[in-house]
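I opened the model to look up one helix, its surroundings and the strand pairing that follows. My entries are below the structure.

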Amino acid sequence: MNAVASSEELTSAGAHRTTVLHLSDVHATAGAQLYGTIDGITRMLAASDYARNAGVAPDAIVISGDLIERGNEAAYPAVRDALLELESAWGVPVLTVLGN
């Protein structure tokens with residue numbers, strides 16, 4: 001007998017498997033792109049779209065790491081709006097875990 005149950009065994013036994021979509025280190029900026037080429041919020045939303053198109057069905061979304069790039073406090077409102085957009089689009093809680 002196997003001491004560790006497979007995911008198939010767990011789900012067939014009626015247990016709920018929890019799926020978390022984990023995105024990390026948005027590094028949002030205000031007024032200019034990161035390193036002149038990267039829009040962190042657009043990349044976060046693109047990763048979300050990719051997960052949806054891949055058939056991921058999360059029970060929650062966790063965003064960890066740095067939400068904004070150092071010195072870009074003005075980016076927080078745009079990050080808030082993007083997180084609310086994710087929550088609305090997926091219909092699941094979006095949680096943040098700040099720092100590295």
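I began with helix α2, residues 40-53 (helices are DSSP runs of H or I with at least four residues, strands runs of E with at least two, numbered from the N terminus), and found that its 14 residues reach 20 Å from the first C-alpha to the last, close to the 20 Å expected at 1.5 Å a residue (1.5 Å times one less than the number of residues). I note that this is a predicted model, in which local features need pLDDT of at least 70 and side-chain atom pairs pLDDT 80 or more, while totals for chains, interfaces and linings use all residues. Residues are numbered from 1 along each chain as its sequence is written, and side-chain values use heavy atoms, without hydrogens and water.

I then listed the buried residues of α2 (under 20% relative accessible area with a 1.4 Å probe, protein chains only; exposed is over 50% and partly exposed in between): G40, I41, M44, L45, S48 and A51. They lie on the same side of α2 because they cover an arc of only 135 degrees around the axis, taken from the directions from the helix axis to the C-beta atoms. The face turned away from that buried side carries the exposed R43, Y50 and N53.

At the N-terminal end of α2 I found D39 as the cap, with a side-chain oxygen 3.2 Å from the backbone nitrogen of I41. Just after α2, G55 takes a positive phi of about 90 degrees.

Finally I followed β2 to strand β3, residues 94-98, and saw that the two pair in the parallel sense over five bridges (pairing needs at least two DSSP bridges).

How values were computed. A polar contact is a pair of N or O atoms within 3.5 Å; within protein, one must be able to donate a hydrogen and the other to accept it, and residues adjacent in sequence count only if both atoms are side-chain atoms.
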